[in-house]
Amino acid sequence: MVSVSRLSFNLLLHAINKFRQRAGSVKFRIGGSGPHSKAYQQLAKTLDIASDVEWLGELTREQAVKEFQHCQAFILPSLYESMGIVYIEALACGKPIIATKCGGPESIVTPFNGLLVEKNNPDALAAAMLNMIKNYKSYDSNIIRQDFLNRFSSKAVLPQLLQCYQDVIENHIYKP
């Protein structure tokens, strides 16, 4: 599983610890950095999960895409997300996602593309990771990718934006 963020990894690390107690070892690749990176690496050691976590550091856009393409699933336990572009990037690569109910993901995650859990809940996050692994074959990367194209590609979004602007102009909502 992969996670890419500039935010806190505290919740994710505690969930990995709980997951490992239930399911054993799985490799987690974590991309991103921030002022607390060293503290998170130390927390992984303290929780005895350092061997399960590979710290990737700051990723370029190209490196992030490669991580999405090569992972089995994407997980990001955000506390707040307005849209959740990083989730959509994973879906564009046909990968199932695990997200938290924190704003944006509720409109992105569906039963066939991933799992949604309560935020600030490492037990629920660990259970979702376990569920994802047990039911991994039920996630079809072609269906996930097609759903991305239908809902989030420029072909899907641009007509909606155009219609929005036309409605504004036609209804004289905007007066220059």
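Which residue follows H4, and is its phi positive or negative? I will come back to that in a moment, after a word on confidence, since what we are looking at is a predicted model. The chain averages a pLDDT of 90, and 93% of the residues score at least 70. Among the elements of the chain, the lowest mean pLDDT, 64, belongs to strand S1, residues 2-4, while the highest, 97, belongs to strand S6, residues 114-118. Where pLDDT is low, the predicted coordinates should not be read in detail, and I will therefore leave the geometry of S1 aside.

Now to the opening question. The residue after H4 is Gly94, and its phi is positive, near 80 degrees. Helix H4 itself covers residues 85-92, and because 6 of its 8 residues are buried, it is largely enclosed by the rest of the structure. The buried residues are Val86, Tyr87, Ile88, Ala90, Leu91 and Ala92.

A glycine with positive phi also comes after helix H1, where Gly24 has a phi near 95 degrees. H1 runs over residues 10-23, and its 14 residues reach 20 Å from the first C-alpha to the last, close to the 20 Å expected at 1.5 Å a residue. Buried in H1 are Leu11, Leu12, Leu13, Ala15, Ile16, Asn17 and Phe19, and of these I would like to follow Leu13 a little further. Once its neighbours within four places in sequence are left aside, Leu13 is in contact with Ile30, Tyr40, Leu43, Ala44, Leu47, Ile49, Val53 and Trp55. Leu13 is also among the residues with the most contacts inside the largest nonpolar core, a set of 45 residues, together with Phe74, Ile97, Ile98, Leu125 and Met129. In soluble globular proteins, nonpolar side chains tend to be buried together.

Let me turn to the aromatic residues, for which the count comes to 5 pairs. One of them joins Phe9 and Trp55 edge-to-face, with 6.0 Å centre to centre and 70 degrees between the planes. Phe9 lies in the loop between S1 and H1, whereas Trp55 is in strand S3, residues 53-57, so the pair ties together parts that are 46 residues apart in sequence. Phe9 is buried, with a relative accessible area of 3%, while Trp55, at 25% relative accessibility, counts as partly exposed because buried would require a value under 20%. Another pair, Phe68 with Phe74, is likewise edge-to-face, at 5.3 Å centre to centre and 70 degrees between the planes, and here both Phe68 and Phe74 are buried. Beyond the pairs, Phe9, Tyr40 and Trp55 form one aromatic cluster, and both Tyr40 and Trp55 were named earlier as contacts of Leu13.

What about the cysteines? The structure holds 0 disulfides. For Cys93, the nearest cysteine sulfur is that of Cys71, 7.7 Å away, and since a disulfide needs the two sulfur atoms within 2.5 Å, this pair does not qualify. Cys93 counts as partly exposed at 24% relative accessibility, and so does Cys164, at 46%.

Finally, a word on helix H7, residues 154-170, which contains Gln163. At 39% relative accessibility, Gln163 counts as partly exposed. Between Gln163 and Arg29 there are 40 Å in space, C-alpha to C-alpha, and the two are 134 residues apart in sequence.

Methods:
Residues are numbered from 1 along each chain as its sequence is written. Side-chain values use heavy atoms; hydrogens and water are left out. Buried means under 20% relative accessible area, exposed over 50%, partly exposed in between (1.4 Å probe, protein chains only). A nonpolar core is a set of buried Ala, Val, Leu, Ile, Met, Phe, Trp, Tyr and Cys residues joined through side-chain atoms within 4.5 Å. Contact means heavy atoms within 4.5 Å. pLDDT is the predictor's confidence in each residue, from 0 to 100. Helices (H or I, at least four residues) and strands (E, at least two) are DSSP runs, numbered from the N terminus. The expected span of a helix is 1.5 Å times one less than its number of residues. Rings of Phe, Tyr and Trp (its six-membered ring) pair if their centres lie within 6.5 Å; planes under 30 degrees apart count as stacked, over 60 as edge-to-face and the rest as tilted.
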